[in-house]
Amino acid sequence: EIDMFALNMTVANWGISGWAPYLIVAVAMGLAGHRFNLPMTFRSCFYPILGQYTWGWIGDLIDGFAIVVTVAGVCTSLGLGAIQIVVGFQYLGWVKDDITQDEVSSVQNATIWVITVIATASVISGLNAGIRILSTIAFMLGMVLLFLVFVMDDTKYLLNLQVQEVGYYLQHSIFQLNFWTDAFGQIREGGG
């Protein structure tokens, strides 16, 4: 049962409820861009509500907030990804396990720099060259990984687990898990 709960937490965070905020922004930005011929910025999403105030200081505040939040999200993902990559390097034996925390931090910083250089080169080269190539490589690697997992593992079990998880998600996640705060886990022994 703990396995199903762990899978359910993953699907809850990376499933429909995790992607819904992105969908709301995409629909609002698409509506503003195609219906009202506005630029694809966050302030344009608020044009139907704010009207002409969108182009004043309120719109500047909305765009500035969107930039800060986006940069914070990218930095968090990059930092957590670098930690996971370095642990993977240690598991593969490419980085020694018995190094100090300062040396681990240096390897993590180098990993972040390499990823940043690749991403910057991809963005500078434009949509039709760098980003397209990088996206195609990522998609192909994902499909190879998916194929290998299905072929090298018990396919019937994986498909059965997928059906069971979808049912468990629909039964528990949409309403129950979104409001779960582990309140009883916060009580100390003898409290409450």
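Start with the second largest pocket of this predicted model, where the lining residues divide into 5 nonpolar, 1 polar and 1 charged. To see them, select L7, L146, F150, L158, L161, Q162 and E165, which line this second largest pocket, and note that the space lying in it amounts to about 250 Å³. If you then colour by helix, α7 (127-152) and α8 (155-173) each turn out to supply at least two residues of that lining, and α8 gives the most to it, with 4 residues.

Next, bring up the largest pocket, whose volume is about 550 Å³. It is lined by 17 residues, and those closest to its centre are Y22, V69, T70, G73 and V74, a convenient selection on which to centre the view. The elements that give two or more residues to the lining of the largest pocket are α1 (2-14), α2 (16-35) and α5 (57-92), and α5 gives the most, with 8 residues. Colouring the lining of the largest pocket by residue class will show 12 nonpolar and 5 polar residues, with no charged residues.

From the pockets, move to a helix pair and display α6 and α7, which pack at an angle of about 130 degrees with their axes 5 Å apart. Angles that are neither roughly parallel, nor roughly antiparallel, nor roughly perpendicular count as oblique, and that makes α6 oblique to α7. On the α6 side, select I118, S122 and V123, and on the α7 side G130, I131 and L134, since these residues make the contact. By class, the residues of this contact of α6 with α7 divide into 4 nonpolar and 2 polar, with no charged ones.

While α6 is still displayed, go to Q108, which has its place in this helix (residues 101-124). Q108 has a relative accessible area of 16%, and it is therefore buried, given that the cut-off for buried is under 20%. Leaving aside residues up to four places away in sequence, Q108 touches A82, I83 and V86, so these are the side chains to show around it.

A second buried residue to select is R43, found in helix α3 (residues 42-45), with a relative accessible area of 12%. Show T54, W55, G56, G59, D60, I62 and D63 together with R43, as R43 touches each of them, again not counting residues up to four places away in sequence.

Then turn to two backbone details. N37 lies in the loop between α2 and α3, and although N37 is not a glycine, its phi is positive, at about 55 degrees. N37 is also exposed, with a relative accessible area of 67%. The other residue to select is D182, in the segment after α8, which likewise has a positive phi of about 55 degrees although it is not a glycine. At 37% relative accessibility, D182 counts as partly exposed.

For the last stop, select A28 in helix α2, a residue that is partly exposed, with a relative accessible area of 26%. If you draw a distance from the C-alpha of A28 to the C-alpha of I174, it spans 23 Å in space, while A28 and I174 are 146 residues apart in sequence.

Key
Residues are numbered from 1 along each chain as its sequence is written. This is a predicted model: local features need pLDDT of at least 70, side-chain atom pairs count only at pLDDT 80 or more; totals for chains, interfaces and linings use all residues. Side-chain values use heavy atoms; hydrogens and water are left out. Buried means under 20% relative accessible area, exposed over 50%, partly exposed in between (1.4 Å probe, protein chains only). Contact means heavy atoms within 4.5 Å. On a 1 Å grid over the protein atoms alone, a cavity is a set of points where a 1.4 Å probe fits but cannot get out, and a pocket is an open set with protein on both sides within 12 Å along at least five of seven lines; lining residues have an atom within 4 Å of a point. Grid points are joined across faces, edges and corners, and a volume is the space filled by probe spheres set on the points. Ala, Val, Leu, Ile, Met, Phe, Trp, Tyr, Cys and Pro count as nonpolar, Asp, Glu, Lys and Arg as charged, and the others, Gly among them, as polar. Axes are lines fitted to C-alpha atoms, for helices over the stretch in contact, and angles run from 0 to 180 degrees between N-to-C directions. Angles under 35 degrees count as roughly parallel, over 145 as roughly antiparallel, 65 to 115 as roughly perpendicular and the rest as oblique.
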